[in-house]
Amino acid sequence: MKAVHSLTAAALLGLGSGAVAAEDAMLERAQMLFEPIPQSAADHIGDRNPITPEKVELGKMLFFDPRLSASQTISCNTCHNVGMGGDDNIPSSVGHDWQRGPRNSPTIFNAVFNVAQFWDGRAEDLTEQAKGPIQAGVEMNNTPSNLEATLNSIDEYVGAFAAAFPESENAVSFDNTAKALEVYQATLITPDSPFDQYLKGDTDALTDQQLAGLDAFMNKGCVACHNGVNVGGQGYYPFGVINRPGADILPEADRGRAQVTETAADEYVFRSPSLRNVELTAPYFHSGNVWSLREAVSIMNDAQLNSLLTEEDVDNVTAFLRSLTGKQPEVEYPVLPISTDETPMPDIPDYPRPTGAEG
């Protein structure tokens, strides 16, 4: 009997060692494919646009100031709400004159880590990205000259620009506005998610279901497009590699990156979205027509993986994606300087008021 017991104990010990080895191997592979969100994004901007406290403070004021828009009603925060996962949680944003944008608004959180900005990657960095919405007719509908006139009319802004850009001869400029916005947006990062803790060696940070989801995510193809520090956002890929989704999810008129490169090979190619905080950023895809995270995983399984994921895998991957929610930025809303008599008047469309309207 002693020999039997010894054999059983040895077998159990062997099984335990095998399980530990498998866990170690999965962690090691995950550490090769992904990176934790760092505590600061300064290294990702570097000398091109150094982060300073003065720039951060100015960028924060500008981010929340609706006077960046022609109507003086739309701020960066309107479409990238810092209290709602860094986006606006609607299919496509509502801009100037109640126009709807053509694509779902991506989250601004951790955007500094993306290889480029916008779904089609047409902006190389956040400085270039910031200039787009300010001038877009369906978004802020403003012009650089009107923006500069607005900011120059407010002494507090003139002083803030001078402090943030002491080397600039004309500190209050459209270019410096974009640079300040980039620096502030680079502070909107979400470290310390359960997945980050796992990557740093805490093997108890994920639940058993999340670990199973991570295993499927890495071994059945999801990681091919969603890897790196942002679990995505690092490259461009065709949507519908195996099975093309319907027009409600993949509108035929939106040709993706081909509209930027004018190359047929880039038709329906998009920058892969970051999956960081993805449970907070519904609805999903560039069309913004899918509200369920599980449904989004299921659609990608069919479109990109030819249904390699089982229904259980889909549940597990969905659970894993919820482990990517990090510590949300704590933002104190800034008190903005008041306009002056020299500040340009807002360009507000003249809507007919209903008969009998009061107030």
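These are my notebook entries on what I looked up in this structure, which is a predicted model.

**Entry 1: the whole chain**

I began with the overall make-up, and I noted 13 helices and two strands in the chain. The C-alpha trace spans about 95 × 45 × 45 Å along its principal axes. I then looked up burial, and found that buried residues make up 49% of the 359 residues. For contacts with a separation of 6 or more, I wrote down that 71% are between residues 24 or more positions apart.

**Entry 2: salt bridges**

I reminded myself that side chains of opposite charge can pair when their charged atoms come close. How many salt bridges does the count come to? I found 14 salt bridges, and I followed three of them in detail.

In the pair I looked up to begin with, the side chains of Arg48 and Glu182 meet in a salt bridge, with 2.7 Å from N to O. Arg48 lies in the loop between α2 (42–45) and α3 (53–64), while Glu182 belongs to helix α8 (residues 174–185), so this salt bridge ties together parts that are 134 residues apart in sequence. I also checked how much of each partner is accessible: Arg48 is partly exposed, at a relative accessible area of 44%, whereas Glu182 is buried, at 1% relative accessibility.

The next pair was Asp196 with Arg276, whose closest N and O atoms are 3.0 Å apart. This pair also links distant parts of the chain, since I found Asp196 in helix α9 (residues 194–199) and Arg276 in the loop between β2 (269–271) and α12 (293–305), 80 residues apart. Are these two residues buried or exposed? Both Asp196 and Arg276 are buried.

For the pair of Arg122 and Asp120, I noted a salt bridge in which the closest N and O atoms are 3.0 Å apart. Arg122 counts as partly exposed, at 40% relative accessibility, and Asp120 counts as buried, at 4%. I then saw that Asp120 and Arg122 belong to a network of salt bridges that also links Arg103 and Asp254.

**Entry 3: His286**

Having met Arg103 and Asp254 in that network, I turned to a residue that touches them both, His286. His286 is found in the loop between β2 and α12, and it is buried, with a relative accessible area of 2%. Leaving out residues up to four places away in sequence, I listed among its contacts Pro102, Asn104, Trp119, Phe239 and Phe270.

**Entry 4: cysteines**

I looked for disulfides next, and the count comes to zero. Why is Cys222 not bonded to Cys225? The sulfur of Cys222 is 9.0 Å from that of Cys225, the closest cysteine sulfur, which is too far for a bond, because a disulfide needs the two sulfur atoms within 2.5 Å. Cys222 counts as buried, at 13% relative accessibility, and Cys225 likewise counts as buried, at 18%.

**Entry 5: nonpolar cores**

I kept in mind that in soluble globular proteins, nonpolar side chains tend to be buried together. In this chain the largest nonpolar core has 41 residues, and the members that touch the most others are Phe34, Phe195, Tyr198, Leu214, Phe217 and Leu321. The elements giving two or more residues to this core are α1 (2–33), α9, α10 (208–219), α12 and α13 (311–322). Of these, α12 gives the largest share, six residues.

I took Phe34 as an example and looked up its contacts beyond four places in sequence, which include Phe195, Leu199, Leu214, Phe217, Met218 and Val231. Apart from the largest core, I found another core, of 40 residues, among them Phe64, Ala130, Phe161 and Ile189.

**Entry 6: α10 against α13**

Finally I compared the directions of two helices that both give residues to the largest core, α10 and α13. Their axes come within 7 Å and cross at roughly 105 degrees. Angles of 65 to 115 degrees count as roughly perpendicular, and therefore I recorded α10 and α13 as roughly perpendicular to each other. Which residues meet between them? On the α10 side I noted residues including Gln209, Ala212, Leu214 and Phe217, and on the α13 side residues including Asp313, Val317, Phe320 and Leu321. Leu214, Phe217 and Leu321 are names I had already written down among the core members that touch the most others.

Key: Residues are numbered from 1 along each chain as its sequence is written. This is a predicted model: local features need pLDDT of at least 70, side-chain atom pairs count only at pLDDT 80 or more; totals for chains, interfaces and linings use all residues. Side-chain values use heavy atoms; hydrogens and water are left out. A salt bridge is a side-chain nitrogen of Lys or Arg within 4 Å of a carboxyl oxygen of Asp or Glu. Helices (H or I, at least four residues) and strands (E, at least two) are DSSP runs, numbered from the N terminus. Buried means under 20% relative accessible area, exposed over 50%, partly exposed in between (1.4 Å probe, protein chains only). A nonpolar core is a set of buried Ala, Val, Leu, Ile, Met, Phe, Trp, Tyr and Cys residues joined through side-chain atoms within 4.5 Å. Contact means heavy atoms within 4.5 Å. Axes are lines fitted to C-alpha atoms, for helices over the stretch in contact, and angles run from 0 to 180 degrees between N-to-C directions. Angles under 35 degrees count as roughly parallel, over 145 as roughly antiparallel, 65 to 115 as roughly perpendicular and the rest as oblique.
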